[in-house]
Amino acid sequence: MARHNIILIAFLLALVLFIAHTNASREKEMPESCRKQLDSLDLKHCEKHLMKRIQKDEDEDEDEDILKMRGINYIHRNREEDLKEMCCSQLSEVKMLDCRCQALQEIMENLSDKVHKKEMDDMEMEVKKLPMRCGMAPPLGCDLSMDD
């Protein structure tokens, strides 16, 4: 009986080690596959789209009325909408949610160098909302908060 217990314990230990090794291998592969996928994307469209959203002037409403009268508003809106569509198209190519999280973190990191300190909260909020604006599920458990 004791011999069976030792064999059972040895088998369970081997199984646990095998599972741990398999999971460790997957974790090493995932960042590499994500990196390849992210390197093939042009996330600049997302950065430009988000910068426009973050840096909207408070007096833009007055300017917008003048532009509407001149027929310029339509062109301006189309350009912003094009940026959003190109951004969403790029993000939709990222199928794995972990990789999408990494893409959003990369966008946030790139933008953090370009925005003023007072705009950081707006940037964080806009990046968090981006997947939903693109009609995608937000990556759960994805830390998109800026560490000071």
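# Close-up views of a six-helix protein

From the N terminus on, the elements of this protein run α-α-α-α-α-α. The model shown is predicted. Here are some legends to guide you through it.

**Figure 1. The whole chain: six helices and zero strands**. Start with the overall picture before zooming in. The protein has 148 residues, and 29% of them count as buried. Look also at which parts of the chain touch each other: among contacts with a separation of 6 or more, 76% are between residues 24 or more positions apart. The structure also holds four disulfides, and three of the views below take up one each.

**Figure 2. The disulfide of Cys46 and Cys87**. A disulfide is a covalent bond between the sulfur atoms of two cysteines. Here the two sulfur atoms sit 2.0 Å apart. Cys46 belongs to helix 2 and Cys87 to helix 4 (residues 73-92), so this pair ties together parts that are 41 residues apart in sequence. Is this pair buried or exposed? Both Cys46 and Cys87 are buried. The torsion about their S-S bond is about 100 degrees, so the disulfide is right-handed.

**Figure 3. The disulfide of Cys88 and Cys134**. The sulfur atoms of Cys88 and Cys134 are 2.0 Å apart. Cys88 is found in helix 4, while Cys134 is in the segment after helix 6 (120-133); the pair links distant parts of the chain, 46 residues apart. Cys88 is buried, and Cys134 is buried too. What is the handedness of the disulfide of Cys88 and Cys134? The torsion about the S-S bond is about -75 degrees, so this disulfide is left-handed.

**Figure 4. The disulfide of Cys101 and Cys142**. Once again, find the two sulfur atoms, which are 2.0 Å apart. Cys101 lies in helix 5 (residues 97-112) and Cys142 in the segment after helix 6, so the bond ties together parts that are 41 residues apart in sequence. The link is right-handed, with 85 degrees about the S-S bond. Cys101 counts as buried because its relative accessibility, 11%, is under 20%. Cys142, at 16%, counts as buried for that reason as well. To place these bonds in the whole protein, number its bonded cysteines in sequence order: the pairing then reads 1-5, 2-3, 4-7, 6-8.

**Figure 5. Helix 5 against helix 6**. Two packed helices are described by the angle between their axes and the distance between the axes. The axes of helix 5 and helix 6 come within 10 Å and cross at roughly 155 degrees. This angle is over 145 degrees, which means that helix 5 is roughly antiparallel to helix 6. The crossing of helix 5 past helix 6 is right-handed. On the helix 5 side, the contact is made by Leu104, Met108, Leu111 and Ser112. Helix 6 contributes Met120, Met123, Glu124, Val127, Leu130 and Pro131. Sorted by class, the contact of helix 5 with helix 6 has eight nonpolar residues, one polar and one charged.

**Figure 6. Helix 2 against helix 5**. This view turns to another helix pair. Helix 2 and helix 5 pack at an angle of about 55 degrees, with their axes 10 Å apart. The two helices are therefore oblique to each other. Helix 2 passes helix 5 in a right-handed crossing. From helix 2, Cys46, Glu47, Leu50, Met51 and Ile54 make the contact, meeting Ile107, Asn110 and Leu111 of helix 5. The residues of this contact divide into six nonpolar, one polar and one charged.

**Figure 7. A closer look at Glu47**. Glu47 has its place in helix 2 (residues 44-54). Is Glu47 buried or exposed? Glu47 is buried, with a relative accessible area of 4%. Which residues does Glu47 contact, leaving aside its neighbours within four places in sequence? They are Ile107, Asn110, Leu111 and Lys114.

**Figure 8. Val94, in the loop between helix 4 and helix 5**. At 0% relative accessibility, Val94 counts as buried. Leaving aside neighbours within four places in sequence, Val94 is in contact with Gln37, Leu38, Leu41, Cys99 and Arg100. Now find Cys34: Val94 and Cys34 are 60 residues apart in sequence and 8.5 Å apart in space, C-alpha to C-alpha.

Definitions and conventions. Residues are numbered from 1 along each chain as its sequence is written. This is a predicted model: local features need pLDDT of at least 70, side-chain atom pairs count only at pLDDT 80 or more; totals for chains, interfaces and linings use all residues. Side-chain values use heavy atoms; hydrogens and water are left out. Helices (H or I, at least four residues) and strands (E, at least two) are DSSP runs, numbered from the N terminus. Buried means under 20% relative accessible area, exposed over 50%, partly exposed in between (1.4 Å probe, protein chains only). Contact means heavy atoms within 4.5 Å. A disulfide is a pair of cysteine sulfur atoms within 2.5 Å. Axes are lines fitted to C-alpha atoms, for helices over the stretch in contact, and angles run from 0 to 180 degrees between N-to-C directions. Angles under 35 degrees count as roughly parallel, over 145 as roughly antiparallel, 65 to 115 as roughly perpendicular and the rest as oblique. A crossing is left-handed if the near helix is turned anticlockwise from the far one by less than a right angle, and right-handed if clockwise. Ala, Val, Leu, Ile, Met, Phe, Trp, Tyr, Cys and Pro count as nonpolar, Asp, Glu, Lys and Arg as charged, and the others, Gly among them, as polar.
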